[in-house]
Amino acid sequence: AGGALELVTLDPQAPPRAAGLARLWTWIERRKNAFGEEAQAFGLTTPRGLLLLGVQGCGKSLAARVVAWKLGFPLLRLEAGRLFDKYIGESEKRLDRALAAVERMAPCVLWVDEIEKALASGGDGHADGGLSTRLVGRLLTWLQERQAAVFVVATCNDPRALPPELMRKGRFDEVFFVDLPSEEERAAILAVHLERRGRPAARFDLVSAARTAEGFSGAELEQAVVGALHRAFATGLDVETGDLLAEIQETRPLSQLRREEVEALRAWARERAVPAGE
């Protein structure tokens, strides 16, 4: 498939950790046993997948990994940008080969990363001779008609770039919006990244840190922890709450730098998607 399809390794003994997104995890828990014959005999159809929209850096990619781990399925990542080829007909063949390989792996989770880059790559489809339009049609048809137990998790930073037919029920079971984390979620995210680096979260005043970090994404919170460690290491001392607060105060998050875009995205999702968190 031209390198567009990748098997993502998940350690069954070390589950990926994602703070927040409680509503999304409840939704997954209710469906994780619905892939077998018993569920079909009960009258259920096999779950088809979900679309994760959200602010950049808020954990959509991590959520795809957690979904696969919770379902107990292998995770395949489709990088849409690698489907395109300069030779006529090769891009369509790459997509067909990738989807055929995915079906052979079923049951599995297919993570389509930044799906808007594939579906909006050619603008109106004329600039590239209709290539993007053909790829969109192929993918949408497969999403609608596939029979194999492939649970699709598509992530997207800009849902306004998606064709409206993708949002129609039948291609995805649900559309979730991953928003900026709440204060409680920010504290939990900071705790995860501190403990991942060998620092007990109980040593830190995470309530103050989370309150100071209003508007931070999960990725920005992780970088605040990394920056605090660098700050402490340079002094020869271990990291403390003061280092973490200093890093947070010196950072301007994306929600400030691109305030209008972020607020427009949140307003768009408020009426069209289910919040992934509480």
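## Reading helices, charges and cysteines

Q: What is the relative accessible area of R266, and how should I class that residue?
A: R266 has a relative accessible area of 23%, and because residues under 20% count as buried and those over 50% as exposed, R266 is partly exposed. Please keep in mind throughout that this is a predicted model.

Q: With which residue does R266 form a salt bridge?
A: The general idea is that side chains of opposite charge can pair when their charged atoms come close. Here the partner of R266 is E263, and the closest N and O atoms of the two are 3.4 Å apart. The partner E263 is itself partly exposed, at a relative accessible area of 38%. E263 and R266 both belong to helix α12 and stand three residues apart, which is about one turn of the helix. Elsewhere, salt bridges that share partners join E6, R77, E79 and D113 into one network.

Q: How many salt bridges does a search of the whole structure find, and which pair ties together parts that are 16 residues apart in sequence?
A: The search finds 16 salt bridges. One of them links R231 with E247, where the closest N and O atoms are 2.9 Å apart. R231 sits in helix α9 (residues 218–235) and E247 in helix α10 (residues 241–249), so this pair ties together parts that are 16 residues apart in sequence. The two ends fall into separate accessibility classes, for R231 is partly exposed at 26%, whereas E247 counts as buried at 17%. Another salt bridge is that of E29 and K32, whose side chains meet at 3.0 Å, N to O; E29 is partly exposed at 36% relative accessibility, and K32 is partly exposed at 31%.

Q: Which side chain of opposite charge is nearest to E185, and how far away is it?
A: A buried charged residue is worth checking for a partner. In this case E185, which lies in helix α7 (residues 183–196), is buried and yet has no salt bridge, the nearest side chain of opposite charge being R186 at 7.3 Å. Since a salt bridge needs the nitrogen within 4 Å of the carboxyl oxygen, a separation of 7.3 Å does not qualify. With neighbours within four places in sequence set aside, the contacts of E185 are A19, G20, L21, L180, G277 and E278.

Q: Returning to helix α12, which of its residues are buried, and what covers them?
A: A useful habit is to compare the length of a helix with its expected span, and then to ask where its buried residues point. Helix α12 runs over residues 259–270, twelve residues in all, and reaches 16 Å from its first C-alpha to its last, close to the 16 Å expected at 1.5 Å a residue. The buried residues of α12 are V262, L265, W268 and A269. They cover an arc of only 125° around the axis, and therefore lie on the same side of α12. On the other side of the helix, E260 and R270 are exposed. The cover over the buried residues includes β2 (49–54), β6 (174–178) and α11 (254–257).

Q: How many disulfides does the structure hold, and why does C156 not form one?
A: A disulfide is a covalent bond between the sulfur atoms of two cysteines. The structure holds zero disulfides. For C156, the closest cysteine sulfur is that of C58, 14 Å away, which is too far for a bond. C156 is buried, with a relative accessible area of 1%, and C108 also counts as buried, at 0%.

Q: Which peptide bond is cis, and which residue has a positive phi although it is not a glycine?
A: Backbone angles of this kind are read one residue at a time. The peptide bond from A106 to P107 is cis, with omega near 0°, and P107 is found in the loop between α4 (90–105) and β4 (108–113). E114, although not a glycine, has a positive phi of about 50°; E114 is in the loop between β4 and α5 (115–119), and at 23% relative accessibility E114 counts as partly exposed.

Q: How far apart are T251 and L221 in sequence and in space?
A: The two residues are 30 residues apart in sequence and 9.9 Å apart in space, taken from C-alpha to C-alpha. T251 is found in the loop between α10 and α11 and is partly exposed, at 27% relative accessibility.

Notes. Residues numbered from 1 in each chain as written. Predicted model: local features only at pLDDT ≥ 70, side-chain atom pairs only at ≥ 80, totals over all residues. Heavy atoms only, no water. Helix = DSSP H or I, 4+ residues; strand = E, 2+ residues; numbered from the N terminus. Expected span 1.5 Å × (residues − 1). Buried < 20%, exposed > 50% of the residue type's maximum accessible area, 1.4 Å probe, protein only. Arc of directions from axis to C-beta. Contact = heavy atoms within 4.5 Å. Lys, Arg positive; Asp, Glu negative; His and termini not counted. Disulfide = S-S within 2.5 Å.
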